[in-house]
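Welcome! Here is a short tour of a protein model for someone meeting it for the first time.

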Amino acid sequence: LPNLRRLELTGWSNVYKPFLDPVFRHACAERPKEILSKLQTLQIQSWDNECGERIEALDESILVPSLRKLHAHLIGDEGDNEYTFQGSHDKSNLEEVDITYSHLGPLDLAEILKPMTSLRKLDYESVFSWDAYGYEVGKDDFEKRFAEAAGKMLTDRGLVWKVSGGEGDED
């Protein structure tokens, strides 16, 4: 896989994660980068409209050193689940992340961004259909909670970000 530049994964991570996580970990190892050394773009999408892909599917994949762009579709399942990043390293070189039609809560979204120290652009589209706080969360409330959870990460990195979808979205 040394010349692979783009990887698209469709379906459930329980099918490909047991096979690919060791490959991703090997690509991150402190030795010559012969596996996935040219991978720049990763696309992950669930095919089930009722239940999104688990956020843990991103843990190892986002750490591949050559990776610069991530597109994830239908990630998360109904809001914040007290997710804690479990990747084998603490730094991702991702520069652009586009997450569409997803169910991540603002706390989980902030958590998955922590290792992305090179991130410059984030586009997040939520379905805002979850009730994680005891009431329907709209776009404005989501943005506020995300900004609070992400804190200095947003300002220190100069991250350009936008949230769309759900109630109150005029885009």
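Is the crossing of H2 and H3 left-handed or right-handed? The crossing of these two helices is right-handed, a label given when the near helix is turned clockwise from the far one by less than a right angle, while an anticlockwise turn would be left-handed. The contact brings together Pro 106, Leu 107, Leu 109, Ala 110 and Leu 113 of H2 with Phe 142, Arg 145, Phe 146, Ala 149 and Ala 150 of H3; contact here means heavy atoms within 4.5 Å. Sorted by class, the residues of this contact are 9 nonpolar, no polar and 1 charged. In that sorting, Ala, Val, Leu, Ile, Met, Phe, Trp, Tyr, Cys and Pro count as nonpolar, Asp, Glu, Lys and Arg as charged, and the others, Gly among them, as polar.

Before going on, a word on the source: this is a predicted model, in which local features need pLDDT of at least 70 and side-chain atom pairs count only at pLDDT 80 or more, while totals for chains, interfaces and linings use all residues. Residues are numbered from 1 along each chain as its sequence is written, and side-chain values use heavy atoms, with hydrogens and water left out.

**The overall plan**

The protein has 4 helices and 6 strands. Helices (H or I, at least four residues) and strands (E, at least two) are DSSP runs, numbered from the N terminus. Along the sequence, the pattern reads β-α-β-β-β-α-β-α-α-β. Of the 171 residues in the protein, 49% are buried, where buried means under 20% relative accessible area, exposed over 50% and partly exposed in between (1.4 Å probe, protein chains only). Among contacts with a separation of 6 or more, 80% are between residues 24 or more positions apart.

**The sheet**

The 6 strands of an open sheet are ordered E1-E2-E3-E4-E5-E6, with parallel pairing. At the edges are E1 and E6 (160-164), each pairing on one side only. From one strand to the next, the twist averages 5 degrees. Two strands pair if DSSP finds at least two bridges between them. Strand E2 makes a good example, with 4 of its 5 residues buried. Its two pairings are set out here.

| Strand pair | Sense | Bridges |
|---|---|---|
| E1 (residues 6-10) and E2 | parallel | 5 bridges |
| E2 and E3 (residues 69-73) | parallel | 5 bridges |

Toward E1, Leu 42 is the bridge partner of Leu 7, and Thr 41 stands opposite Arg 6. Toward E3, Gln 43 stands opposite His 71.

H3 lies across E5 (121-126) and E6, running at about 145 degrees to E6. Such angles run from 0 to 180 degrees between N-to-C directions, and axes are lines fitted to C-alpha atoms, for helices over the stretch in contact.

**A buried loop residue**

Where is Leu 39 found? This residue sits in the loop between helix H1 (13-28) and strand E2 (41-45). Leu 39 counts as buried because its relative accessibility is 0%. Leaving aside residues up to four places away in sequence, Leu 39 touches Leu 4, Arg 5, Arg 6, Leu 7, Val 64, Ser 66 and Leu 67. Leu 39 and Leu 67 are 28 residues apart in sequence, yet their C-alpha atoms are 5.6 Å apart in space.
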